[in-house]
Amino acid sequence: MDNIFEKAPLPLTSKASGKGAFFAPEVYAFTVQIVNVCFIGKGPGSWFLIDAGVTKAEGDIVEQAERLYGKGCKPQAILLTHGHFDHIGALPELLKTWDVPVYAHAAELPYLTGQQSYPPGDPSVDNGMVSKMSPMFPHDGLDLTGRVIAYNTDGTVPGLAGWRVIHTPGHTPGHVSLFREEDRTLIAGDAFVTVQQESLYKVVTQKQEISGPPKYMTTDWDASRTSVKKLLALRPKTAVTGHGLPMEGIALIEGLEKLASHFDEIAVPEKGRFVNK
């Protein structure tokens, strides 16, 4: 499988890049450049990778996996929150190392089987430097035909007890988050993020604040608003998002409440290709 993102420009690296930590039992968050991947599981043969980071991150991801689970380990499956390039950039190389299934929401499959491409990044959403750079980011769909499987409609994942997949569209049509009811642990993908992703300064410094999904790549703001309210209703205790540092406790809930209550002011851009105002 060729990696269509191999030469993708991503001249961004946050100060968190290369760092990782357990933010909940059996859940390890690891930052590759500007995006987070998660490892869920108890040990060899019983763990899952959530998302696949940016292109050329496969070495770092495999190294972290082997540090956590042992030399030569591989996940039971790779679970995708969505198919944007910064969440699947290393996927072709990882699948050469690990012959494992990939799961995504049924609504995301057209973008993961070569049938459809995402819209290009929209630089008009604000004056942030990352937004201005976004048209350079890859938006073509990756063809994983024969490798990607739709999540079960009941939200379960084979072998991943205690977790459920929640459809949280808006950023993309098939975006999902994962939630563990037992301790209210949330892996939110880009349904919301904990850094203002449009600002180069804030991305690099990882200044923590709950924000809506990255504006320059979000296509349905009504659905996104509903998804944030759906995640708030779960009352998560801890959360890791696709971008930014993990959050927990009162800061997380208060930030989500503010985002849900003032979504149009905080998250929705004043202008842009997908803004209807």
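**Figure 1. The largest pocket has a lining of 6 nonpolar, 5 polar and 5 charged residues.** The model shown here and in the views below is predicted. This pocket has a volume of about 280 Å³. Its lining comprises 16 residues. Glu26, Lys42, Ala161, Trp163 and Arg180 are the ones nearest the pocket centre.

**Figure 2. The whole protein, for orientation.** The secondary structure comprises 8 helices and 12 strands. Of the 277 residues, 57% count as buried. Among contacts with a separation of 6 or more, 64% join residues 24 or more positions apart.

**Figure 3. The largest nonpolar core contains 32 residues.** Phe39, Leu49, Ile61, Ile78, Leu91, Leu94 and Trp98 have the most contacts inside this core. Strands E2 (27-32), E3 (35-41), E4 (47-50) and E6 (102-104) each supply at least two core residues, as do helices H1 (58-69) and H3 (91-97). H1 gives the most, with 4 residues. Another core, of 22 residues, lies apart from this one. Its members include Ala188, Ala239, Met247 and Val275. In soluble globular proteins, nonpolar side chains tend to be buried together.

**Figure 4. Close-up of Phe39 and its contacts.** Which residues does Phe39 contact, leaving aside neighbours within four places in sequence? Glu26, Val27, Tyr28 and Phe30 are among them. So are Trp47, Phe48 and Leu49. Ile61, Gln64, Ala65, Leu68 and Tyr69 are also in contact with Phe39. Glu26 appears in Figure 1 too, as one of the residues nearest the centre of the largest pocket.

**Figure 5. The largest cavity has a volume of about 80 Å³.** A search of the whole structure finds 3 cavities of 30 Å³ or more. Ile34, His84, Phe85, Asp86, Phe137 and His171 help line the largest cavity. Asp190, Pro214, Tyr216, Met217 and His243 also belong to this lining. By type, the lining divides into 6 nonpolar, 3 polar and 2 charged residues.

**Figure 6. The second largest cavity holds about 60 Å³ of space.** Its lining includes Asn36, Val37, Cys38, Ile50, Asp51 and Thr81. Ile187, Gly189, Val240, Thr241 and Gly242 line this cavity as well. Strands E3, E10 (185-189) and E11 (238-241) each supply at least two lining residues. E3 provides the largest share, 3 residues. The lining divides into 5 nonpolar, 5 polar and 1 charged.

**Figure 7. Two buried cysteines, Cys38 and Cys73.** Cys38 has a relative accessible area of 3%, so it counts as buried. Cys73 is at 8% relative accessibility and is also buried. The structure holds 0 disulfides.

How values were computed:
Residues numbered from 1 in each chain as written. Predicted model: local features only at pLDDT ≥ 70, side-chain atom pairs only at ≥ 80, totals over all residues. Heavy atoms only, no water. Core = buried A, V, L, I, M, F, W, Y, C linked by side-chain atoms within 4.5 Å. Buried < 20%, exposed > 50% of the residue type's maximum accessible area, 1.4 Å probe, protein only. Contact = heavy atoms within 4.5 Å. 1 Å grid on protein atoms, 1.4 Å probe; cavity = no way out; pocket = protein on both sides within 12 Å on 5 of 7 lines; lining within 4 Å. Points joined across faces, edges and corners; volume = space filled by probe spheres on them. Nonpolar A, V, L, I, M, F, W, Y, C, P; charged D, E, K, R; others polar. Disulfide = S-S within 2.5 Å.
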